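Ready to poke around a protein model? Grab a pencil and work through a few short exercises.

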Amino acid sequence: MSVYPTGLTNYFENSVDAGATPTKLLDGPLALKSFACNVRTTTANTGGFVLKLFDGSEDEIFRIFEADNTLGYGFASSSNRFSFSLPLNGIRVTDSLQISIEATGTMTNLTAEGISVIYQR
């Protein structure tokens with residue numbers, strides 16, 4: 001009898017608007033292998049953002065913090081791409097994979113776009 005590992009699956013979400021409430025991407029259980037997304041704002045801003053991944057709606061498993069307050073100029077129609085490959089077995093998600101993005105400072109018109117999640121069940 002042979003045992004083969006399960007294949008990888010790519011999940012894509014077009015966009016998620018900023019807000020404190022997490023948005024569900026996938027039901028668990030799963031192993032998160034990689035994550036990529038753009039964080040975009042369309043107006044001149046100072047401040048930054050915090051992008052978080054959750055297992056369920058309350059257990060934070062990953063955080064990205066970005067800030068730009070250089071000389072008061074800040075972001076202007078910025079689009080930053082973040083991509084993370086997780087080594088070995090990845091991150092285990094037992095409940096559901098959720099995402100939130102919150103503005104800090106005077107960051108406005110903020111969205112996470114082109115969200116790509118590679119996972120294994």
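Here come three exercises with worked solutions, all on a predicted model.

**Exercise 1.** Work out whether Ser34 is buried or exposed, and find which residues it is in contact with.

*Solution.* Start with the place in the chain: Ser34 sits in strand E3, which covers residues 30-41. Next, check the relative accessible area, which is 17% for Ser34. The cut-off for buried is under 20%, so Ser34 counts as buried. Last, skip the neighbours within four places in sequence: Ser34 then has contacts with Phe84, Ser85, Ser116, Val117 and Ile118.

**Exercise 2.** Do the same for Ala31, then find how far apart Ala31 and Ile118 are in sequence and in space.

*Solution.* Ala31 also belongs to strand E3. Its relative accessible area is 11%, so Ala31 is buried. Now for the partners: beyond four places in sequence, Ala31 touches Asn89, Ile91, Ile118, Tyr119 and Gln120. Take Ile118 from that list. Ala31 and Ile118 are 87 residues apart in sequence, yet their C-alpha atoms are 8.8 Å apart.

**Exercise 3.** Find which residues touch the most other members of the largest nonpolar core, and which strands supply at least two residues each.

*Solution.* The core has 26 residues, and the ones touching the most other members are Phe35, Leu51, Ile115 and Val117. At least two core residues each come from strands E1 (8-17), E2 (19-27), E3, E4 (47-55), E5 (59-68), E8 (96-105) and E9 (110-120). Now zoom in on Val117: leaving out residues up to four places away, it touches Thr9, Asn10, Tyr11, Leu25, Leu26, Leu32, Ser34, Phe35 and Leu97. There's Ser34 from the opening exercise again.

Terms used
Residues are numbered from 1 along each chain as its sequence is written. This is a predicted model: local features need pLDDT of at least 70, side-chain atom pairs count only at pLDDT 80 or more; totals for chains, interfaces and linings use all residues. Side-chain values use heavy atoms; hydrogens and water are left out. Helices (H or I, at least four residues) and strands (E, at least two) are DSSP runs, numbered from the N terminus. Buried means under 20% relative accessible area, exposed over 50%, partly exposed in between (1.4 Å probe, protein chains only). Contact means heavy atoms within 4.5 Å. A nonpolar core is a set of buried Ala, Val, Leu, Ile, Met, Phe, Trp, Tyr and Cys residues joined through side-chain atoms within 4.5 Å.
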